[in-house]
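Q: Could you take me on a close look at one part of this protein, namely the salt bridges and the strands and loops that carry them? I would enjoy a connected walk through that region rather than a list.

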Amino acid sequence: MNIPMRVLILFLFLCPLAILSQEKYTLSGTITDSQSNETLIGVNILIPEINSGTMTNEYGFYSITLPNGTYKVQLSYLGFQTLTETIVLDKNITQSFKLSEAAESLDEVIITENIEELNIRKPQMSVNALSINTIKQMPVVLGEVDVIKSITLLPGVTNAGEGSSGFNVRGGAADQNLILLDEATIFNSSHLFGFFSVFNPDAIKDIKLYKGGIPAKYGGRVSSVLDIYQKEGNSSEFHMNGGIGLISSRLLAEGPIKKDKGSFLFGGRSSYAHLFLPLFDLDNVAYFYDLNTKLSYRLNDSNSVFLSGYFGRDVFELADSFENTYGNTVVNFRWNHLFSDKLFSNLSLIYSDYYYGLKLDFVEFDWESGIRNFNIKYDFKHYISNNFKLEYGLNSIYYKFNPGEINPTTESSGINPFKLIDKYAFENAIYLDAEHRLSDKLFVSYGARLSTFHRLGQDELNSYENNNPVIFNEDLGIYEKATPTGVETFNRSDVIESFANIEPRFALAYQLNEYSSLKASYNRMSQYLHLLSNTNSPTPLDVWTPSGKYVKPQLLDQVALGYFRTFNNNEYSLEVEGFFKTIQNRIDYIDGANLIANNAIEQVILNGEARAYGMEVLLRKNEGKLKGWLAYTLSKSEQRTPGRTSIETGINNGNWYFTPFDKTHDISLTASYELNKKWSFSSNFLFQTGQPATFPNGQYEYNGIIIPSYEARNSSRLPAYHRLDVSVNYNPKPDSDKRFKGQWVFGIYNIYNRRNAANISFRENRTSGTNEAVRLAIFGIVPSISYNFKF
């Protein structure tokens with residue numbers, strides 16, 4: 001009995017020590033810029049002793065739970081000096097850190113987070129981030145820095161060509177991208193019909209593009225999410241910066257409301273090339289302007305509030321007979337609350353409005369349309385342990401769609417006021433996402449989003465025989481509008497149609513070794529809003545419509561598999577991904593569909609399907625004087641609309657055909673070289689397969705009229721698109737201690753003057769009487785110069 005008693009006494013003595021040694025504590029806080037107190041998104045926090053780490057969230061907050069002990073905490077962030085601090089963790093500690101900018105921060109050309117090992121372990125894949133300094137160095141048309149054009153240099157991202165708005169991701173349409181500015185939806189991302197984007201680069205802090213494996217907190221679109229956050233403003237001291245270019249200028253001011261507690265940011269941008277048009281006896285006007293604003297205030301260590309806004313307008317006038325005005329307005333109030341050192345929350349109240357106006361003086365009437373929504377979001381991030389984190393929340397959006405309204409401008413116009421029927425909808429979602437470290441090599445994230453959509457009552461809605469607004473004419477072999485059999489009326493609180501979808505999300509990463517990993521992901525997403533457009537890229541006149549009785553929501557299923565590796569101590573990195581996705585209920589249009597001022601849009605819409613698959617390669621050089629990346633995408637994007645019965649032919653005889661955004665090969669090479677502190681050089685090279693097109697293959701005469709016949713839909717292509725851009729950055733006084741600093745940027749867009757085809761049209765040559773093809777090119781070679789400053 002003596003031996004067991006001794007063992008028992010020894011156990012009772014050592015047990016408290018064992019429990020104490022296993023006790024865990026939480027280290028949490030916020031990481032900011034030492035100069036501006038701007039919170040930093042995506043800072044890497046590494047604990048080398050236990051090969052663990054975490055990252056700051058969208059508001060600069062981090063939390064990590066570790067066993068009792070002493071640790072070296074390493075903080076690393078793109079463009080900032082790495083910071084190492086020793087922390088004695090014997091209790092829960094709130095520790096905020098400040099990072100200082102690296103001495104040569106302008107030489108950054110890095111796409112993802114700087115600590116590659118942490119990135120390799122994370123299950124998130126198919127996501128790219130661009131630093132705003134990288135974007136500012138890229139050669140651009142007319143010297144205007146463009147966020148949207150910059151992301152088209154990434155693998156899997158294209159657009160419809162020069163002068164086109166929007167962008168296409170992995171063979172998807174432009175309306176299938178969710179574009180967020182401080183969490184508010186942007187419905188039109190372009191200025192001047194696609195020549196420039198609506199985002200002022202001076203006001204932007206963080207840009208991330210999700211192409212696949214999309215987290216459950218995002219929903220409502222089936223192709224991608226472009227998540228952009230504005231700066232909060234400098235809470236330490238007042239600063240201004242801006243730029244003067246050939247056709248536009250910008251100015252941004254930021255400073256403290258109360259030092260180290262609150263800040264403001266106001267930014268403005270405007271084009272002015274139209275001011276010179278009268279010198280050439282031109283009465284036309286085309287310009288844009290936008291305003292960015294943000295107010296931030298830290299109430300205490302657990303509460304911060306933000307009020308941000310954006311207002312942008314484009315104006316195009318044609319000789320006092322035509323005026324087009326369109327733009328976005330968004331306002332967002334956010335409240336960050338820290339319930340504990342492990343539970344972070346954000347409440348957002350968002351208003352978003354897209355307006356389109358058209359004044360036609362020559363026919364004496366005005367046209368207005370738009371979409372307006374009110375959005376409430378409540379998101380939580382729960383750092384349960386170092387190996388297990390949860391994100392969950394809810395989201396509700398109320399929509400009002402104004403398809404169009406006509407009002408006469410004079411009493412003698414003979415035009416009666418006319419209003420297309422307003423549409424209303426209510427979209428809700430709840431989501432849960434888990435990030436789980438199962439072992440030292442296996443990391444997974446899994447979750448789901450439950451989304452619902454209710455098409456609310458409107459003044460009138462057509463009813464049709466067999467609920468079929470489109471009929472098939474067997475004699476002519478074409479689809480035609482059905483004749484309504486009646487009209488239904490509703491109260492605003494009525495629900496015309498409801499949809500509910502469960503959207504699972506899953507991703508995993510298996511770390512092969514210190515330098516490489518395999519990743520896989522699956523996600524399902526639903527899209528309840530549809531852009532009515534039969535052009536290759538969105539235009540301001542396009543109208544959004546909600547799902548309802550006759551229009552079904554789009555449903556995406558996407559899988560992706562990838563290999564990720566770093567080389568030579570992270571100097572180089574390689575990402576290879578393959579993807580396959582299918583989309584149900586992709587909208588297609590019957591031949592001759594009229595989408596403008598159509599009060600019964602369901603009469604020209606058919607539901608089809610789409611699919612896309614391909615491979616993406618991204619090779620990056622992250623360090624040294626020469627930096628950059630090579631991106632290559634091999635892909636195929638198709639859609640089809642088969643007949644609904646054995647008698648119907650469907651669109652294009654029910655066969656698969658290339659979507660307008662299919663680009664078989666897409667290559668982009670981006671490089672920058674820092675010669676010294678004064679001079680740096682950048683260049684882009686792009687090559688893309690020409691976009692699909694439908695050309696006439698013959699003609700016939702009917703009652704004296706020549707009528708062309710056409711080949712199968714999108715069976716031809718425009719010529720291949722390619723160009724080379726270069727730019728030079730010159731800092732006259734890089735080592736100056738003066739507060740005012742300036743930089744010159746010289747650029748040449750399309751240096752070898754390639755006349756890339758925007759489209760090809762066919763006409764009869766009046767001299768020879770023969771038919772001819774005519775190529776329309778938007779840009780040739782375009783030089784530019786701009787001057788950037790800050791003080």
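A: Here is a walk through the salt bridges, followed by the strands and loops around them. Please keep in mind that this is a predicted model.

Let's begin with the overall tally: the count comes to 38 salt bridges. A general point helps here: side chains of opposite charge can pair when their charged atoms come close. One of the pairs is K217 with E58, whose closest N and O atoms are 2.4 Å apart. K217 sits in the loop between β16 (204-210) and β17 (224-230), while E58 belongs to the loop between β3 (52-55) and β4 (61-67), so this pair connects parts of the chain 159 residues apart. K217 counts as buried because its relative accessibility is 19%, and the cut-off for buried is under 20%.

The loop between β16 and β17 also holds K211, and this lysine reaches much farther along the sequence: its partner E616 is in strand β40, so the pair ties together parts 405 residues apart. The closest N and O atoms of K211 and E616 are 3.1 Å apart. Both K211 and E616 are buried. The pair is also part of something wider, since salt bridges with shared partners join R170, K211, E577 and E616 into one network.

It is worth following E616 into its surroundings. Strand β40 (residues 605-621) runs antiparallel to strand β39 (residues 572-589), and 17 bridges join the two. Within this pairing, E575 stands opposite L618 of β40. β40 also pairs with strand β41 (residues 626-640), again in the antiparallel sense, over 13 bridges. There, V617 has Y632 in β41 as its bridge partner. The hairpin of β40 and β41 has four residues between the strands, and in it G624 takes a positive phi near 100 degrees.

Now back to β16, approached from its other end. D202 lies in the loop between β15 (196-197) and β16, and its salt-bridge partner R250 lies in strand β19, 48 residues apart. The side chains of D202 and R250 meet at 2.7 Å, N to O. D202 is buried, with a relative accessibility of 2%, and R250 is buried as well, at 12%.

The residue that follows in the numbering makes a nice contrast. L251 is found in strand β19 (residues 248-258), but it counts as partly exposed, at 40% relative accessibility. The C-alpha atoms of L251 and A203 are separated by 9.7 Å, with their positions 48 residues apart along the chain. Setting aside neighbours within four places in sequence, L251 is in contact with M240, N241, G242, F266, G267, G268 and F789. F266 then leads to another feature: together with I257, L295, L307, V331, F333, L349 and I376, F266 makes a nonpolar surface patch of about 650 Å². Another member of that patch, L349, is found in strand β24 (residues 343-360), where L349 is partly exposed with a relative accessible area of 41%.

Finally, let's place β16 and β17 in their sheet. Strands of a sheet pair through backbone hydrogen bonds, either parallel or antiparallel. The open sheet here has five strands in the order β9-β16-β17-β12-β13, with mixed pairing. β9 (127-129) and β13 (184-185) stand at the edges with a single partner strand each, so one side of each has no neighbour in the sheet. At one of these edges, strand β12 (residues 177-181) and β13 pair in the antiparallel sense over two bridges, and L180 stands opposite T185 in β13. The loop between β12 and β13 contains D182. D182 has a positive phi of about 50 degrees although it is not a glycine, and D182 is buried at 1% relative accessibility.

To bring the threads together: the loop between β16 and β17 supplies K217 for its link to E58 and K211 for its link to E616 in β40. The loop that comes before β16 supplies D202 for its link to R250 in β19. β16 and β17 themselves are members of the five-stranded open sheet.

Note on methods: Residues are numbered from 1 along each chain as its sequence is written. This is a predicted model: local features need pLDDT of at least 70, side-chain atom pairs count only at pLDDT 80 or more; totals for chains, interfaces and linings use all residues. Side-chain values use heavy atoms; hydrogens and water are left out. Patches are made of residues with over 30% relative accessible area and no salt bridge: like charges are joined within 9 Å, nonpolar side chains (Val, Leu, Ile, Met, Phe, Trp, Tyr) within 5 Å. Accessible areas come from the Shrake-Rupley method with a 1.4 Å probe; for residues, only the protein chains shown count as cover. A salt bridge is a side-chain nitrogen of Lys or Arg within 4 Å of a carboxyl oxygen of Asp or Glu. Buried means under 20% relative accessible area, exposed over 50%, partly exposed in between (1.4 Å probe, protein chains only). Two strands pair if DSSP finds at least two bridges between them. Contact means heavy atoms within 4.5 Å.
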